[in-house]
Amino acid sequence: MIVSWVMLQSESDMSLQLMHEGLATRYNNGGVEKVRFQWVDRDCCAASVVGETRAEEHLSWESWKTTDAIVAEATTRHLVNSCASRSHYNSNITIKLDLSHCMRRFLCECVSEHHPLYSSVAQFLSAAFSVVDQEDLQSLKDAYRFCEIHPPNPTKQHICQHCRIRIPHPQELIKRVEGVFQHFHLASDPNVLPLFKPSMRKVWWIQRVHILRGC
Ligand SMILES: [Zn+2]
């Protein structure tokens, strides 16, 4: 079952407590196993601190790179936050950051959606966050061979219809997304208008923490 809601008031524990208690009561009364995942647009894990950015620093690729120290800093502390769903509904619930919100945070840091490179970076980021399930792809190729379609190279449309899309493991995902930033961090249009606002680098630092934590 999927429950979806939009809060029109503060998403504080206090405002959500009653709803989660009510949900817990209904699941308990119905003898139904409680859901194990919750997708949110914020507050997916414990608070983290990223360093202050300095002017012009974003022009140096060194400041974008993910080092072993950054990985350790993001992943070795207490990572779970306190939230109403865990306190009042299911203590084992896994909180995940909604992917579309993660993507939107990046795209909001482009100077304009009318920038000539905007659609390219959006496509590259989308591709970085998703991979085709290889077992499904192999089954589809086998089906092509069975139907004697040569060469057995499935079309994009068939892949969309028949293969699941997976989000790569955090270590792989961080490399894929970082690769996109390496390609675009200095990109500009013919009038030398940069694609990214200088603040993109800080947003990358913040989102990188969530990616490394597997949110
Ligand atoms: Zn997180």
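What share of the contacts in the protein with a separation of 6 or more comes from residues 24 or more positions apart? The figure is 77%. The model behind this report is predicted.

**Overall layout**

The protein has 215 residues, and buried residues make up 35% of them. Its C-alpha trace spans about 60 × 60 × 35 Å along the principal axes. There are 9 helices and 4 strands. In sequence order they run α-β-α-α-β-α-α-β-α-α-β-α-α.

Two domains are assigned. Domain 1 covers 13–130 + 167–212, and domain 2 covers 132–166. Taken over C-alpha atoms, the centres of domain 1 and domain 2 are 31 Å apart.

**The nonpolar cores**

The largest nonpolar core holds 43 residues. Phe106, Val121, Val177, Phe181, Phe196 and Trp204 touch the most other members of this core. Several elements give two or more residues to it: α1 (13–30), β2 (94–97), α4 (99–107), α5 (118–128), α8 (170–184) and α9 (200–212). The largest share comes from α9, with 7 residues.

Val177 shows what these contacts look like. Not counting residues up to four places away in sequence, Val177 touches Phe106, Leu125, Ala128, Phe129, Trp204 and Ile211. Phe106 and Trp204 are themselves among the residues that touch the most other core members.

A second core is separate and has 5 residues. Leu137, Leu140, Tyr144 and Cys163 are included in it.

**The zinc site**

A zinc ion is coordinated by Cys44 (SG), Cys45 (SG), His210 (ND1) and Cys215 (SG). The distances are 2.1 to 2.3 Å. The 4 donor atoms subtend angles of 92 to 127 degrees around the zinc ion, so the arrangement is tetrahedral. Along the chain, the donors follow the spacing C-C-x164-H-x4-C. Cys44 sits in the loop between β1 (37–40) and α2 (68–75), while Cys215 sits in the segment after α9, so the pair ties together parts that are 171 residues apart in sequence. Both Cys44 and Cys215 are buried.

The loop between β1 and α2 also holds Ala47. Is Ala47 buried or exposed? Ala47 counts as exposed because its relative accessibility is 78%. The C-alpha atoms of Ala47 and Glu33 are separated by 30 Å, and these residues are 14 residues apart along the chain.

**Asp133 and its partners**

Asp133 is found in the loop between β3 (131–132) and α6 (134–146). Its relative accessibility is 8%, so Asp133 counts as buried; the cut-off for buried is under 20%. Which residues does Asp133 contact, leaving aside its neighbours within four places in sequence? They are Arg164 and Arg166. Two distances from the Asp133 side chain are set out below.

| From | To | Distance |
|---|---|---|
| Asp133 side chain | Glu135 backbone nitrogen | 3.0 Å |
| Asp133 side chain | Arg166 side chain | 2.4 Å |

The pair Asp133 and Arg166 is joined by a polar contact between side chains. The Glu135 partner atom, in contrast, belongs to the backbone.

**Pulling it together**

Three places reward a look in the viewer. One is the core of 43 residues, with Val177 as an entry point. Another is the zinc ion, held by Cys44, Cys45, His210 and Cys215. The third is Asp133, whose side chain reaches both Glu135 and Arg166.

Definitions and conventions:
Residues numbered from 1 in each chain as written. Predicted model: local features only at pLDDT ≥ 70, side-chain atom pairs only at ≥ 80, totals over all residues. Heavy atoms only, no water. Domains from an automatic or database assignment. Core = buried A, V, L, I, M, F, W, Y, C linked by side-chain atoms within 4.5 Å. Buried < 20%, exposed > 50% of the residue type's maximum accessible area, 1.4 Å probe, protein only. Contact = heavy atoms within 4.5 Å. Polar contact = N/O pair within 3.5 Å; in protein donor to acceptor, adjacent residues only side chain to side chain. Donors = N, O, S within 2.8 Å, 3.2 Å for Na, K, Ca; no water. Tetrahedral: all angles 85-135°; square planar, octahedral: opposite > 155°, others 65-115°.
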